Amino acid sequence: MTTDQHWPPGTLYIVPTPLGNLGDITLRAVEALKQADLVACEDTRRTLRLMNHLGITKPLVSYHAHSDTRRQNDVLRALESGKRVALASDAGTPGLSDPGTPLVQAAVRAHIPVMSLPGPCAAITALVGSALPTDRFFFIGFLPRRPARAKRVLTQALALEATLVIYESPFRTRETVSWIEDIAGPDIPVVIARELTKIHEEFLRGSARDIGERLKAEPPIGEVVILVGAQKEEHS
């Protein structure tokens, strides 16, 4: 093991940031932000709070789902000129259910080096704490907004015989669990992980029917990850 690190210029650094607990940022992530000439981030206000906490001052540029190709090209030109660019999302690992992927793809197409740092990730944190099988899992991310499309994605994923990992809004969590129950039956195992790494972190474990009833009595608050156990094969 080593803590030595070379930070080549003209490189895009994928920098995971804390889910909610600032103590979860890694030493390498801190150093990457220190070495960066520019930080491309989902929300400059949130990233600025993190940078201030770390005592780091760097130019920030917004790069989010609504950024056009001009912003992407600006970042690519900075990289081609030899600048180190750190890519950071609001929370967790850039590129997982956030707008970072197109920038990474563009950098690779332009033959720009990309370095991915390990670090906080809501999907993996929820999965390993769920007590559901981890040997085979399928990450869905956010379901489509239209119910018909969301149900179709769920139906296809539930047939994979793998633990499913879904990001969901607290306002639609109960509805999504009801769809899972309708498709896979009331006894399929479901886990709700919410407010990960924060003071009110909570795991709700049970059957789809049980979890649905608990959500009906007490709707979730805060960021939610839904995990679904694999359907058991029926043997004749």
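In what order do the five strands of the open sheet stand, and is their pairing parallel or antiparallel? The model I am showing this morning is a predicted one, and in it the strands follow the order S3-S2-S4-S1-S5, with parallel pairing. At the edges stand strand S3, residues 60-62, and strand S5, residues 114-116, each of which pairs on one side only. If we ignore direction, neighbouring strands of this sheet are turned against each other by 25° on average. As a reminder, strands of a sheet pair through backbone hydrogen bonds, and they may do so in a parallel or an antiparallel way.

Let me walk through the pairings, beginning at the S3 edge. Strand S2, which covers residues 38-41, pairs with S3 in the parallel sense over three bridges, and within that pairing Ala40 has Val61 of S3 as its bridge partner. On this part of the sheet packs helix H2, residues 44-54, which touches both S2 and S3 and whose direction makes about 155° with that of S3. Helix H4, residues 100-109, also packs on the sheet, where it touches strand S1 (12-14), strand S4 (85-88) and S5, and its direction makes about 145° with that of S1.

Moving on to S4, we find that S2 and S4 are joined in the parallel sense by four bridges, with Cys41 standing opposite Ala88 of S4. S1 and S4 also run parallel, and three bridges join them; here Leu12 is the residue that stands opposite Val85 in S4. In a regular strand the side chains alternate between the two faces of the sheet. For S4 we can name the residues on each side: Val85 and Leu87 lie on one, Ala86 and Ala88 on the other, and as all of them are buried, both faces of this strand are covered.

Let me turn now to the charged pairs. How many salt bridges does the model contain by the rule used here? The count comes to eight, and I will discuss some of them.

One of them is formed by Asp90 and Arg46, whose closest N and O atoms are 4.0 Å apart. Because Asp90 lies in the loop between S4 and H4 while Arg46 belongs to helix H2, this pair ties together parts that are 44 residues apart in sequence. Both partners are partly exposed, Asp90 with a relative accessible area of 22% and Arg46 with one of 32%.

Another salt bridge joins the side chains of Arg77 and Asp74, at 2.4 Å from N to O. These two residues are three positions apart in helix H3, residues 69-80, so about one helical turn separates them. Arg77 is partly exposed at 49% relative accessible area, and Asp74 is likewise partly exposed, at 38%.

The last pair I want to show is Arg209 with Asp187, whose side chains meet in a salt bridge at 3.4 Å, N to O. Arg209 sits in helix H8 (residues 208-217), whereas Asp187 is found in the loop between helix H7 (173-184) and S8, and so the pair links parts that are 22 residues apart in sequence. Asp187 counts as exposed, with 58% relative accessible area, while Arg209 counts as partly exposed, at 44%.

Is Arg194, in contrast, buried or exposed? Its relative accessibility is 15%, and because the cut-off for buried is under 20%, Arg194 counts as buried. This residue belongs to strand S8, residues 189-194. If we leave aside residues up to four places away in sequence, Arg194 touches His200, Glu201, Glu202, Pro220, Ile221, Glu223 and Val224. To place Arg194 relative to the sheet I began with, its C-alpha atom is separated by 30 Å from that of Val61, and the two residues are 133 apart along the chain.

Finally, a word on the surface. Which residues form a nonpolar patch there? They are Ile124, Val128 and Phe137, which together have about 280 Å² of accessible area. Of these, Phe137 is placed in strand S6, residues 137-142, and with a relative accessible area of 40% Phe137 is partly exposed.

Key: Residues are numbered from 1 along each chain as its sequence is written. This is a predicted model: local features need pLDDT of at least 70, side-chain atom pairs count only at pLDDT 80 or more; totals for chains, interfaces and linings use all residues. Side-chain values use heavy atoms; hydrogens and water are left out. Patches are made of residues with over 30% relative accessible area and no salt bridge: like charges are joined within 9 Å, nonpolar side chains (Val, Leu, Ile, Met, Phe, Trp, Tyr) within 5 Å. Accessible areas come from the Shrake-Rupley method with a 1.4 Å probe; for residues, only the protein chains shown count as cover. Buried means under 20% relative accessible area, exposed over 50%, partly exposed in between (1.4 Å probe, protein chains only). Two strands pair if DSSP finds at least two bridges between them. Axes are lines fitted to C-alpha atoms, for helices over the stretch in contact, and angles run from 0 to 180 degrees between N-to-C directions. Contact means heavy atoms within 4.5 Å.
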